[in-house]
Structures are given as structure tokens and as C-alpha cells.
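Welcome! Take a moment to look over the sequence and turn the model around before reading on.

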Amino acid sequence: EAFGSQGQVGTAPAGPALGLNGTQIVRRTGSLSILEDALSGFDVGGSLKFPFSDDLLMRVNGSYYEFGSGTSRRDGFSVGLGVDFDQPFGVDGARLSIGAERIDDSRNGVDFAGFLRVDIPLGNQAGRGASDKPLNAIERELTRGVNRRGWMVTDVQVVDNRTVTQLTDAPSGQGLDAFFVAETRQGAGDCTLVANACTVADIAALAGAGDIIVLVDAGGAITSVVTANADRQQVIGGGASGNATVTLSDAASTLFTFSGLGTRPPIAGININGRTDVNIDGMTVGAGGITGTGVNGQITINDVVVNGGTVNVSSTTGAQVAITNNTVDGGAASGIVVSSSAAGGLILNLSGNTVSTTGAVPAVDVSGGASDQVIVSGFANNTVTGTGGVRFDNVTFDADGNTANGITNVAGGTLNIGAAGVPVTGDGLRLNSVLGSVSFTTLNV
């Protein structure tokens with residue numbers, strides 16, 4: 001018997017379209033194909049019958065098969081024993097067959113099979129034109145069924161049609177990576193997973209443009225300061241949910257989600273280090289605070305808890321700084337400090353924050369050397385507590401961030417400074433040399 005056809009049994013997808021391959025952020029395309037080949041070959045078989053009476057017969061059968069060649073070769077043999085009982089239970093023309101078989105296969109090893117079969121004719125012989133004359137021995141054997149095993153052997157192969165491509169940072173062309181970072185090395189310490197997190201010292205020599213630094217608390221509080229050493233880096237933690245979604249710096253601005261990070265990893269501090277387009281999100285920062293002197297591009301500080309430290313950012317190049325949805329306790333110092341010393345040097349969105357200080361300083365201090373050096377494009381729904389309030393010195397409020405287009409009102413939403421019975425002890429809201437337009441739905445000072 002010869003077989004040579006091939007059929008596709010099924011396919012398996014390449015896996016999640018986006019994922020991690022080691023530290024690399026990759027896109028998977030294609031699929032796994034599962035193909036089944038019918039192998040060419042032969043099989044032979046024979047049987048011996050031993051009649052004990054007119055109604056009882058024993059069979060002994062055997063077979064050998066061989067299919068394929070080389071690494072796909074498969075062969076084996078079988079030996080079986082069976083007994084036929086004619087006219088069981090007094091039913092004329094019926095047959096009961098019982099037997100067992102042993103199969104030795106070069107791939108699957110030894111296997112055993114058993115069978116039980118009952119044959120009962122329907123109708124009567126006379127009605128079908130047959131004679132009621134009893135069968136002689138030869139006629140009985142001629143009407144007895146033949147047991148024949150037909151072998152067809154197939155081979156299954158998996159064809160990998162998948163392509164795994166590392167995403168790249170669009171401006172630099174460097175491959176994008178994600179590094180999991182803890183206080184101490186975990187597991188293999190190769191930065192590939194939460195369970196294999198490396199240290200802040202390890203990533204100093206690894207992280208490049210556009211890479212993601214994923215902070216985890218697997219080893220407790222991280223006592224070192226993370227310093228951005230390339231543009232477009234992102235320092236993230238799990239926030240309140242244990243998950244984080246970032247926009248990558250590839251040409252498609254792909255969204256990538258990290259899950260199972262644990263909530264708000266604590267770290268001593270973060271230094272943006274004058275880099276461009278840095279994102280900080282989802283961790284708890286200690287007394288080292290978040291510093292960014294001479295930053296550029298789009299700087300985002302979101303959903304961060306700062307305990308006893310300051311968020312201090314400055315720029316002279318028109319950086320767009322978004323400080324949003326944070327809780328900042330500056331200790332005895334200001335909680336948020338933003339400044340610029342060049343015309344149009346910094347555009348600020350300061351919204352959704354809760355800020356406090358215990359010192360004789362403003363909790364929020366935003367200043368420029370002249371009113372056009374810091375442009376406030378957003379200032380909505382902030383709360384300030386403690387001893388100091390809010391100071392704006394030499395700034396312009398303009399929602400579109402471009403005073404050349406004229407002034408667009410900044411919607412301030414609700415601003416709470418202090419609380420009933422617990423006022424701030426310094427200035428509540430100080431506006432010094434301020435231009436532009438800002439309005440509040442509710443203002444409590």
C-alpha cells in the first residue's frame with residue numbers, strides 16, 4: 001500500500017501580537033502549521049484457524065508493517081488471539097467473537113487491545129431465497145468473516161511560520177527593551193520578568209533610548225535613585241492596580257501593557273537628568289523626590305506618590321511638562337517646584353494633584369524670570385494642605401500654550417487650599433506678575 005498525500009491538521013497562532021522575548025519588546029506575526037503526512041510503506045498479515053467443533057473456533061493472527069524511511073521510519077508487528085462462538089444464545093446464524101491483541105510499535109512501544117463482537121442476521125434464510133439445509137464444514141468456513149487489519153501510518157510535523165520582530169525607537173532606530181528592576185536581584189537576575197528582576201546598577205549599562213524601566217517591590221524598597229541615561233525612557237510601576245500601560249516610542253506609538261507588577265513599588269528617587277520625552281508613572285518615591293533640570297520635549301509625571309520629597313522640574317527649551325494626578329508630601333520643603341529662565345521655556349499642565357508641606361514655603365511654587373517664560377496650559381482640580389499654599393510668579397495662563405495665538409482661558413475646576421478650621425499659615429494663593437486668563441468653578445482658600 002502506498003500513501004503520499006499531505007494534509008493540514010490545524011494551525012496555532014503566533015501568540016500575543018505584542019510581548020516580551022527576553023527583555024526585547026517584540027511583535028509576533030504568522031502561525032504554527034501542523035501538517036500530517038501519510039507515509040508510504042507496506043503491511044502483511046496472516047491468520048490460522050483451529051476449529052474445536054462446529055460451533056467453536058480459535059483464531060491466531062499476526063501482521064508486520066513498515067512505513068517511511070530515515071528519521072520518519074516506523075515499523076511494528078502485532079499478534080492476536082480470538083475465539084468465535086457460532087449460534088450463541090440459541091440464535092441461528094449468529095456469531096460471538098472475543099479476542100485480544102498485542103502491538104509492538106517502534107515509536108509507541110507495546111500496547112494491548114481487546115475486542116468483543118456480536119453478529120446477528122436479520123430476517124430468515126428462506127425469505128432471502130436461501131436453503132434451510134444445514135451447512136457442511138467447508139460451507140461454514142466460506143461464510144465465516146475474515147479478520148484483517150489494514151495499517152496506514154501518518155507522521156505529524158510542526159512548521160513554524162512565525163516571525164518575531166523587535167520594535168524600535170523611531171528617532172534612534174535602537175531596539176526597544178523592558179527591564180524589570182528591584183532592590184536586589186531576583187531569580188536569574190536577567191531583568192526579563194518580575195521573578196528575574198535585576199538592580200538599578202545593572203540597568204545603568206543596559207537601558208537605552210526608548211526603553212522601559214519597570215520597578216517592582218519583589219526585593220523590598222529600592223534604596224537607589226534611578227537616573228534616566230537616554231531620551232524617551234520610561235520609569236513605571238504598577239500604580240494602584242498592579243498593571244501599567246505605556247505608549248512606546250516606535251513609529252506607530254504602540255500601546256503596551258505590563259501586568260502582575262504589584263502595587264506602587266517604593267524607590268528612593270528619580271532623576272530625569274535633562275533628558276527628552278521621559279515618562280514617570282505608578283510608583284512611590286521617597287525623600288529623593290523627582291528632579292529634572294533642563295528637561296526637553298514631553299515630560300510626564302503621573303500617578304506618583306511622593307513622601308518627604310519634591311517634584312522639581314526646569315526647562316529653557318519649551319518642554320511640555322505634565323504633572324498630573326499625584327500625591328506629593330514635600331516634608332518641610334515645597335512639594336512641587338517648576339521654573340524656567342527663557343522665553344517660552346516651559347509649558348505646564350498642573351492638574352489633579354494633592355500637595356502638602358510643613359515648611360514656611362509654598363506647597364506649589366511655579367516661577368519664571370519673566371511672565372512669558374512659564375506658560376500654564378492646565379491647572380484643574382488641585383488640593384493643597386499643610387502650612388504653605390500656591391504661588392505663581394511671572395507666569396502666563398494660556399490653555400493652548402501659545403501666546404502668539406492670543407490668550408485662551410485655563411479652566412481651573414476646583415481649587416482647595418487648606419480646609420475649614422485648618423487653614424494654611426502662609427500665603428493661600430499668590431499671583432505675582434501673572435498674565436493670561438484662569439477661572440475656577442470652585443475656589444476654596
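## The disulfide

What is the torsion about the S-S bond of Cys191 and Cys198, and is the disulfide right-handed or left-handed? Keep in mind as you look that this is a predicted model. The torsion about that bond is about 115°, so the disulfide is right-handed.

The sulfur atoms of Cys191 and Cys198 lie 2.1 Å apart. If you search the whole structure, you will find one disulfide. Both of its partners are tucked away from the surface: Cys191 is buried, and Cys198 is buried too.

## A sheet of three strands

Now let's turn to an open sheet, where three strands follow one another in the order E2-E3-E11 with antiparallel pairing. Strand E2 (18–21) and strand E11 (163–166) are the edge strands; each has a single partner, so one side of each is left without a neighbour in the sheet. From one strand to the next, the twist averages 45°. As a general reminder, strands of a sheet pair through backbone hydrogen bonds, either parallel or antiparallel.

E2 pairs with E3 over four bridges, in the antiparallel sense. Within this pairing, Gly19 stands opposite Val26 in E3. The two strands E2 and E3 form a hairpin with two residues between them, and in that turn Gly22 has a positive phi of about 70°. Strand E3 (residues 24–29) also pairs with E11, again antiparallel and over four bridges. Here you can look for Arg27, whose bridge partner in E11 is Thr165.

## A nonpolar patch on the surface

Which residues make the nonpolar surface patch of about 470 Å²? Look for Leu48, Phe50, Phe52, Val60 and Leu81. Strand E5 (residues 41–53) gives the largest share of this patch, with three residues.

Leu48 is a good residue to start from, and you will find it in strand E5. Its relative accessible area is 54%; being over 50%, Leu48 counts as exposed.

## Salt bridges

How many salt bridges does the structure hold? There are eleven. One of them joins Glu66 to Arg73, with the closest N and O atoms 3.1 Å apart. Glu66 counts as partly exposed at 23% relative accessibility, and Arg73 is also partly exposed, at 35%. This pair belongs to a network of salt bridges that links Glu66, Arg73 and Asp75.

In another salt bridge, the side chains of Asp86 and Arg95 meet at 2.7 Å, N to O. Are these two residues buried or exposed? Asp86 has a relative accessibility of 7% and counts as buried, while Arg95, at 13%, is buried as well. The cut-off behind both calls is a relative accessible area under 20%.

## A link between two strands

One more salt bridge is worth finding in the model: the side chains of Arg391 and Asp365 meet at 2.9 Å, N to O. Arg391 lies in strand E32 (residues 390–393) and Asp365 in strand E29 (residues 364–368), so the pair ties together parts that are 26 residues apart in sequence. Arg391 is partly exposed, with a relative accessible area of 24%, whereas Asp365 counts as buried at 12% relative accessibility.

Terms used: Residues numbered from 1 in each chain as written. Predicted model: local features only at pLDDT ≥ 70, side-chain atom pairs only at ≥ 80, totals over all residues. Heavy atoms only, no water. Pairing = 2+ DSSP bridges. Axes fitted to C-alpha atoms, helices over the stretch in contact; angles between N-to-C directions. Disulfide = S-S within 2.5 Å. Buried < 20%, exposed > 50% of the residue type's maximum accessible area, 1.4 Å probe, protein only. Patch = residues over 30% accessible without salt bridge, like charges linked within 9 Å, V, L, I, M, F, W, Y side chains within 5 Å. Areas by Shrake-Rupley, 256 points an atom, 1.4 Å probe, with all protein chains shown as cover. Salt bridge = Lys/Arg side-chain N within 4 Å of Asp/Glu carboxyl O.
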